[in-house]
Amino acid sequence: MSLQKEVFEEYKSYIENHMVENKEGALKVKYNLEHSPLFWNNMVDKTVHIPKVYDKNMMAKFEHIANVTYSIFGKIIEEYRKHEDYRALFPFSKELEELILLPRSYDGFLPMARFDLFFNEENEDFYFCEINTDGTAAQLRDLEMSKALINNPAHQHVIRKYNLSGFELFDTWVDSFIELYNTYPKKKDNPNIAIVDVLENATMGDFWEFARRFQKKGYNCEICDVRELVYKDGVLYSPSGNKIDAIYRRAVTADIMNNYDKVQDFIKAIRDDAVFFAGAFDTQIIHAKWLFYVLHLERTWAFLTDEETEFVKKHVPETREFSKNGITIEEVSNNKDKYMLKPMDAYASKGIYAAGKEYSQSDWDELLPQMYGNGYIAQRYCEQYLTDNIDFAWGDGKWHKYMNMQGLYMYNGKLSGFLMRMAEGENIIYAHENERTVPVFVVK
């Protein structure tokens with residue numbers, strides 16, 4: 001038995017022998033989360049009772065996945081920048097392509113990302129679900145849920161027997177951001193930093209915590225709406241009138257383009273290289289769900305190594321545009337259990353995410369014409385890996401099978417932590433509905 005399985009069995013055994021105690025503890029956890037920064041817009045991120053624990057052998061596997069993926073993405077970004085024929089493979093507007101091709105103000109190519117995947121702990125096979133770069137979020141969940149475990153009796157029992165260590169996602173990013181900033185030719189000793197987004201779409205809990213961490217390290221940092229920045233005489237100003245030297249961009253590219261006329265001061269400052277910002281718009285090449293389609297083209301395999309090409313073939317689900325330019329309605333209808341449909345460029349479960357396995361044939365056939373030719377992709381459905389867990393706080397307090405989705409946080413090319421999400425059964429994970437998040441630990 002592996003060490004991580006041993007730890008899981010310790011959790012499970014303790015829970016089964018102390019059900020009342022653990023139910024009471026779970027309700028305290030729920031109360032704490034509902035009175036934490038995770039409570040937002042009358043919703044709170046939910047959890048289950050057993051956190052995820054990995055051992056060193058499994059962590060080595062995740063490190064390998066992260067490193068190979070990062071290498072592939074760097075090559076794709078550079079190929080896009082250098083070759084017009086490769087750029088033509090992506091469905092970006094002329095305005096967006098212009099932004100993508102602007103020079104970067106730092107060394108490196110992917111400051112922050114999260115690689116979401118379905119990983120099978122039994123055979124160590126996996127499939128990617130999606131990639132997040134612009135606006136990579138949810139770091140606060142791991143922090144607050146780790147803190148809430150003080151009221152989880154099973155966890156308190158386990159940490160008395162095993163040496164578990166968690167991940168730190170805020171100070172680590174501040175250090176990575178400043179490391180990138182120090183490669184900027186116009187760097188200053190003590191830059192004024194702004195975290196920018198279209199604020200009605202922002203995950204403010206994350207923002208407040210990041211701003212506090214920047215301030216704790218001695219940097220002036222404020223949170224700004226990207227539409228309210230002012231560019232004047234070669235200087236970019238915040239809405240409060242402060243000069244901005246460096247930007248942590250949380251505004252996803254889709255939101256930037258949807259507000260294109262309203263963000264012109266920000267864009268002019270970027271074009272003039274008047275301010276440092278991470279990440280540059282070329283991260284959108286990786287963020288767009290169209291990436292999975294391009295990854296399966298021989299044009300991409302031509303500049304990858306043999307190992308990288310096999311990695312793509314084995315782990316990236318085949319993806320095609322759900323339109324007359326990609327795949328027919330008949331193909332997706334006749335093989336409904338093999339496909340899922342996703343919006344081409346969306347985030348936070350926005351738009352319709354539909355897996356054929358969750359629909360009757362008649363309902364599936366009724367849905368398809370609504371999505372065909374309207375900015376969706378058809379992607380090969382990936383089988384889920386399920387593990388036992390129990391939910392006393394939001395569930396029925398019984399053991400159920402939960403699907404696992406690991407999100408690997410990458411800070412400047414380094415695996416820095418996880419967003420571990422689950423959902424009961426083999427269902428699509430929907431934010432704030434069936435989604436459950438658990439903190440991740442490594443057992444030594």
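**Exercise 1. Classify the residues that line the second largest pocket by polarity, and state which elements supply them.**

Solution. The lining of the second largest pocket holds ten nonpolar, five polar and nine charged residues, where Ala, Val, Leu, Ile, Met, Phe, Trp, Tyr, Cys and Pro count as nonpolar, Asp, Glu, Lys and Arg as charged, and the others, Gly among them, as polar. The model is predicted, so local features need pLDDT of at least 70 and side-chain atom pairs pLDDT 80 or more, whereas totals for chains, interfaces and linings use all residues. Residues are numbered from 1 along each chain as its sequence is written, and side-chain values use heavy atoms, with hydrogens and water left out.

Next, the lining comprises 24 residues, of which Gln-4, Lys-5, Phe-8, Glu-121 and Tyr-385 lie nearest the centre of the pocket. A pocket here is an open set of points on a 1 Å grid over the protein atoms alone, where a 1.4 Å probe fits, with protein on both sides within 12 Å along at least five of seven lines, and its lining residues have an atom within 4 Å of a point. Its volume is about 450 Å³, taken as the space filled by probe spheres set on the points, which are joined across faces, edges and corners.

Finally, helix H1 (3-17), strand S3 (52-54), helix H3 (56-82) and strand S17 (386-390) each give at least two lining residues, and H1 has the largest share with five. Helices (H or I, at least four residues) and strands (E, at least two) are DSSP runs numbered from the N terminus.

**Exercise 2. Determine which residues of helix H15 are buried, and how they are arranged about its axis.**

Solution. In H15 (residues 306-315), the buried residues are Glu-308, Thr-309, Phe-311, Val-312 and His-315; buried means under 20% relative accessible area, exposed over 50%, and partly exposed in between, with a 1.4 Å probe and protein chains only. Seen down the axis of H15, these residues fall within an arc of 160°, so they line one face of the helix, the arc being that of the directions from the helix axis to the C-beta atoms. On the other side of H15, Asp-306 and Lys-314 are exposed.

**Exercise 3. Classify the ring pairs Phe-90 with Phe-92 and Phe-322 with Tyr-372.**

Solution. The whole structure contains 35 aromatic pairs, a pair being rings of Phe, Tyr or Trp (its six-membered ring) with centres within 6.5 Å, stacked if the planes are under 30 degrees apart, edge-to-face if over 60, and tilted for the rest. For Phe-90 and Phe-92, the centres are 5.6 Å apart and the planes at 25°, so this pair is stacked; both residues are buried. For Phe-322 and Tyr-372, the centres are 4.9 Å apart and the planes at 80°, so the pair is edge-to-face. This second pair links distant parts of the chain, with Phe-322 and Tyr-372 lying 50 residues apart. Phe-322 is buried at 0% relative accessibility, while Tyr-372 is partly exposed at 24%.

**Exercise 4. Locate the cis peptide bond at Gly-279 and the positive phi of Glu-124.**

Solution. Most residues other than glycine have a negative phi, and most peptide bonds are trans. The bond from Ala-278 to Gly-279 is cis, with omega near 5°, and Gly-279 lies in the loop between strand S12 (276-278) and helix H12 (284-287). Glu-124 has a phi near 65° and belongs to the loop between strand S4 (112-119) and strand S5 (126-132).
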